[in-house]
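Reader: I would like to learn how to read a model of this kind, feature by feature. Could we take the structure together and go slowly?

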Amino acid sequence: MAQFAWTDDLTTGSSLIDGDHRKLVELVNAFFQAMQSGQGNAQVSKAMKHLIAYTGEHFAREEAEMARIQYVAALAHRAEHTKLIKQLVELKEMQDAGGRMNTPAVADFLSLWLREHILAADMKLATALKQRKSAPAQQLH
Ligand SMILES: [Fe+2]
């Protein structure tokens, strides 16, 4: 199974977001590795736990930035986050209950989600953060 490959087009230009994304990709790949290593459910479950926890923290940081700049597309962006967390939690619950994950399908889904979310939603957020930063102070209020 392919690992998630970082490509330069995923760089948003926001150091906060990009730093988080690098770490997120590491955890996604650790999860993929656990799935394909055949080390058993406990390892996969542990990797998923780490991934879900960090994803939650990262989303919370992005959402705090959205609130700070009163980002117009915050609602739609948050909805994407909420949906993914729900899907990951459901997947983990299924895994913990002894269900069999369709490993390639899960990996494809997660890779595609991450790439598309970064290239669309996160890129727009990073642009808004940059614009806000460069706006003269008197325009901020
Ligand atoms: Fe996001």
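Reader: Which residue takes a positive phi just after α3?

Author: Before the details, please keep in mind that this is a predicted model. The residue is Gly-98, which follows α3 directly and has a positive phi of about 90°. A comparable case stands after α1, where Gly-38 has a positive phi near 70°, and this glycine belongs to the loop between α1 and α2.

Reader: Is Gly-38 buried or exposed, and why?

Author: The idea is to count C-beta atoms around a residue, with 12 or fewer inside 10 Å taken as exposed. Gly-38 has 8 such neighbours inside 10 Å, and therefore counts as exposed. As for its place relative to another residue, Gly-38 and Lys-83 are 45 residues apart in sequence, and their C-alpha atoms are 28 Å apart in space.

Reader: Which residue has a positive phi although it is not a glycine?

Author: That is Gln-70, with a phi of about 50°. Gln-70 sits in the loop that joins α2 to α3, and it counts as exposed because 9 other C-beta atoms lie within 10 Å of its own.

Reader: How many helices and strands does the protein chain have?

Author: The chain has four helices and zero strands, so that reading along the sequence gives the pattern α-α-α-α. The C-alpha trace spans about 60 × 30 × 20 Å along its principal axes. To see how the chain comes together, one can look at contacts between residues with a separation of 6 or more, of which 75% join residues 24 or more positions apart.

Reader: What span should α1 have, and what is found between its end C-alpha atoms?

Author: The way to check is to compare the distance between the end C-alpha atoms with the span expected at 1.5 Å a residue. The 23 residues of α1 should span 33 Å, and because its end C-alpha atoms are 33 Å apart, the two values agree. Helix α3, residues 74-96, also has 23 residues, and its reach of 33 Å from first C-alpha to last is close to the 33 Å expected.

Reader: How are the axes of α2 and α3 placed, and at what angle do they cross?

Author: For a pair of helices one reads the approach of the axes together with the angle between their N-to-C directions, where an angle over 145 degrees counts as roughly antiparallel. The axes of α2 and α3 come within 10 Å and cross at roughly 165°, and the two helices are therefore roughly antiparallel to each other. The crossing in which α2 passes α3 is left-handed. Among the residues that meet here are Val-44, Met-48, Leu-51 and Phe-59 in α2, and His-81, Ile-85, Leu-88 and Val-89 in α3.

Reader: At what angle do the axes of α3 and α4 cross?

Author: They cross at roughly 160°, with the axes coming within 11 Å, and that makes α3 roughly antiparallel to α4. This crossing, too, is left-handed. On the α3 side the contact is made by His-77, Glu-80, Leu-84 and Leu-91, and on the α4 side by Val-106, Trp-113, His-117, Ala-121 and Leu-125.

Reader: At what angle do α1 and α4 pack?

Author: The angle is about 175°, with the axes 11 Å apart, and α1 and α4 are therefore roughly antiparallel to each other. Residues that meet across this pair include Ile-17, His-21 and Val-28 in α1, and Leu-110, Leu-114 and Ile-118 in α4.

Reader: Which residues of α1 are buried?

Author: They are Ile-17, His-21, Val-28, Phe-31, Phe-32, Ala-34 and Met-35, and what covers them includes α2 and α4. For the chain as a whole, 16% of the 141 residues count as buried.

Reader: How many residues make up the largest nonpolar core?

Author: There are twelve, including Phe-4, Phe-31, Ala-34, Met-48 and Val-106. Helices α1, α2 and α4 each supply at least two residues of this core, and α1 gives the most, with five.

Reader: Is Lys-46 exposed or only partly exposed?

Author: Lys-46, which lies in helix α2, counts as partly exposed because it has 14 C-beta neighbours inside 10 Å. Lys-46 is twelve residues from Ala-34 in sequence, and the two C-alpha atoms are 8.9 Å apart in space.

Notes: Residues are numbered from 1 along each chain as its sequence is written. This is a predicted model: local features need pLDDT of at least 70, side-chain atom pairs count only at pLDDT 80 or more; totals for chains, interfaces and linings use all residues. A residue is buried if 20 or more other C-beta atoms lie within 10 Å of its own, exposed if 12 or fewer, and partly exposed in between; C-beta atoms are placed from the backbone. The expected span of a helix is 1.5 Å times one less than its number of residues. A nonpolar core is a set of buried Ala, Val, Leu, Ile, Met, Phe, Trp, Tyr and Cys residues joined through C-beta atoms within 7 Å. Axes are lines fitted to C-alpha atoms, for helices over the stretch in contact, and angles run from 0 to 180 degrees between N-to-C directions. Angles under 35 degrees count as roughly parallel, over 145 as roughly antiparallel, 65 to 115 as roughly perpendicular and the rest as oblique. A crossing is left-handed if the near helix is turned anticlockwise from the far one by less than a right angle, and right-handed if clockwise. Two residues are in contact if their C-beta atoms, placed from the backbone, lie within 7 Å.
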